[in-house]
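This report describes the fold, the nonpolar cores and the aromatic contacts of one protein chain. The sequence and the model are shown first.

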Amino acid sequence: RAEVCFREQLALDKSDWESMAIYGAMCYQARDFMKAQVFFQDALQLEPNNFVISALQAYTFLAFEDDSWETMLSRSRQAHAGSGGYHTWDVVDWLLGHHLAEMAQDIISKEKPETPGYNFRYAKIKIFKLELEEALTSLTSDNTIPEVDVSSLVGDILYLQKDIEGAASAYEKAHIKLQEQGTIRLYILLRLGDLYLKLKRYADAKSI
């Protein structure tokens, strides 16, 4: 169904580079690498300075070429003002932001597990794939992940496991930490409101 929606969107707006890139990643996940290349190339023509799309296209080349991800990533960096500031995580975060966990998992597999940021993103991928115990293990094995991120992802895991009280407690910890930092995350507030209603904590739901 999602594929049909993106095709309809592209038929209506041929300048929507982000939908092209998303559809290209969907084609990759369906292992239609040739079609993925076409859509990444079309998106890149519309958004030539976008490192993420360039890296996605480069990664798809690995299906055809005997080369390494490090080499492909380096070429993408060089194509964007020679910046060394871009990282695999920019690509993985974009994919996860669009719920494209299969391609994100393929790309993260090219990184070493001890790389800073690996376990946090690996846990998010596993949550998307509903491999919840593995996600929890990844989170609790890395004490460098910020507490607020651990609490929010643990909340996601418990929410999916239908542990209503446990999820509420985890989200509350994340929300308190965010308040201390002077910020909020809307989805945590929405989840807390939903959980408070399920727990019949109506006053808390109203205040959130």
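What percentage of the 208 residues in the chain is buried? In this predicted model, buried residues account for 44% of the 208. The accessible surface of the chain is about 11,200 Å², and carbon and sulfur atoms hold 52% of that area.

The chain has 13 helices and zero strands. Among contacts between residues at least 6 apart in sequence, 47% link residues at least 24 apart.

The largest nonpolar core has 34 residues. The members that touch the most other members are Leu 56, Val 91, Trp 94, Leu 95, Leu 100, Met 103 and Ile 107. The elements that each give two or more residues to this core are listed below.

| Element | Residue range |
|---|---|
| Helix 2 | residues 17-29 |
| Helix 3 | residues 33-46 |
| Helix 4 | residues 51-61 |
| Helix 6 | residues 88-97 |
| Helix 7 | residues 101-108 |
| Helix 8 | residues 118-128 |

Helix 2 gives the most to this core, with eight residues. Neighbours within four places in sequence left aside, Leu 56 is in contact with Phe 40, Val 91, Trp 94, Leu 95, Met 103 and Ile 107. Another core, of 23 residues, lies apart from the largest one and includes Leu 139, Leu 153, Ala 170 and Ala 205.

The aromatic residues form five pairs. One aromatic cluster is made up of Tyr 28, Phe 33 and Tyr 59. In addition, Arg 191 places its charged end over the ring of Tyr 159, 3.9 Å from the ring centre.

Terms used: Residues are numbered from 1 along each chain as its sequence is written. This is a predicted model: local features need pLDDT of at least 70, side-chain atom pairs count only at pLDDT 80 or more; totals for chains, interfaces and linings use all residues. Side-chain values use heavy atoms; hydrogens and water are left out. Rings of Phe, Tyr and Trp (its six-membered ring) pair if their centres lie within 6.5 Å; planes under 30 degrees apart count as stacked, over 60 as edge-to-face and the rest as tilted. A charge sits over a ring if NZ of Lys or CZ of Arg is within 6 Å of the ring centre and within 35 degrees of the ring normal. Helices (H or I, at least four residues) and strands (E, at least two) are DSSP runs, numbered from the N terminus. Buried means under 20% relative accessible area, exposed over 50%, partly exposed in between (1.4 Å probe, protein chains only). Contact means heavy atoms within 4.5 Å. Accessible areas come from the Shrake-Rupley method with a 1.4 Å probe; for residues, only the protein chains shown count as cover. A nonpolar core is a set of buried Ala, Val, Leu, Ile, Met, Phe, Trp, Tyr and Cys residues joined through side-chain atoms within 4.5 Å.
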